[in-house]
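Reader: Before I plan anything at the bench, I would like a careful look at one part of this model, namely its aromatic rings. Please take me through them in one connected account.

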Amino acid sequence: LQTHDSQVGTLVENRRIVDLPLNGRNFTQLNLLVPGVVEGVPGDYVDTYSLGTRGSGTSFAVNGQSANYNEYLLDGVPIKEVQHEGPGLSPSVDAIQEFRVQTSNYDAQFGTEAGGQINLVTKSGTNQFHGDAYEFLRNDALDARNFFLPNVTPYRWTQFGASGGGPVVLPHVYDGHNRTFFFLGYQGFRFRQPANTYYRVPTPANLAGDLSDQAGQIYNPY
């Protein structure tokens, strides 16, 4: 409960960001935890051209507004990619400390969009050195074969990276209290899957001019 202003929103804290399972490790899926937020319409613009193509992002609508009307900020800096209406940057969940979703009655510092205002805060270093390394792999080992194909379609989805932070110790000014910290994070993404497409190619009879096997009427054989 906030008594100093009338903003309505929800804070998604670090514990939920790190502990909740995410298919694709994209923070946008966690917006569905916020009251007033629902998943966007499948196939809408932002899902087709932005979030759906960047590591399993999820489009979402806030309080009935279009999924295109959300604003994204990283440490207070706008990162919305305005052509495709989604975040131009999707940080690794290991680099996000928390994020707040403002759903209505925003302060004057917000309000560039009619939907939600999503403000991500990145981690900073601490007085101790901390770090992690990870790799997430999905493949076709347990996949079923497509009915129309002789073999299982190859599939490789790999996300890997590392992050770490700590104090910046300056011996000539150090008085027992660290005041400067650093944090670094990297995430790589590799996805490989062949495209399966079916075409009808001309038969030898077709190439010789015999088009009697065509189902429809041919108006111009050339």
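Reader: Is Phe 191 buried, partly exposed or exposed, and what is its relative accessible area?

Author: With the reminder that this is a predicted model, Phe 191 is partly exposed, its relative accessible area being 40%. Its ring partner Trp 157, by contrast, has a relative accessibility of 9% and counts as buried, because the cut-off for that class is under 20%. The structure holds nine aromatic pairs. One of them is formed by Phe 147 and Phe 148, whose ring centres lie 5.1 Å apart with the planes at 85°, so that this pair is edge-to-face. Both of these residues are open to the surroundings in the computed sense: Phe 147 is exposed at a relative accessible area of 68%, and Phe 148 counts as exposed at 61%. Turning back to Trp 157 and Phe 191, their ring centres are 5.4 Å apart and their planes stand at 65°, so this pair too is edge-to-face. Since Trp 157 belongs to strand β11 (residues 156–167) and Phe 191 to strand β12 (residues 181–192), the pair ties together parts that are 34 residues apart in sequence. The two rings are also members of one aromatic cluster, which Trp 157 and Phe 191 form with Tyr 155 and Phe 189. Trp 157 has a charged neighbour as well, for Arg 138 lies over the face of Trp 157, at 4.8 Å from the ring centre. A further arrangement of this kind involves Arg 25, whose charged end sits over the ring of Tyr 134, 4.2 Å from the centre of that ring.

Key:
Residues numbered from 1 in each chain as written. Predicted model: local features only at pLDDT ≥ 70, side-chain atom pairs only at ≥ 80, totals over all residues. Heavy atoms only, no water. Phe/Tyr/Trp six-rings, centres within 6.5 Å; stacked < 30°, edge-to-face > 60°. Buried < 20%, exposed > 50% of the residue type's maximum accessible area, 1.4 Å probe, protein only. Helix = DSSP H or I, 4+ residues; strand = E, 2+ residues; numbered from the N terminus. Lys NZ or Arg CZ within 6 Å of the ring centre and 35° of its normal.
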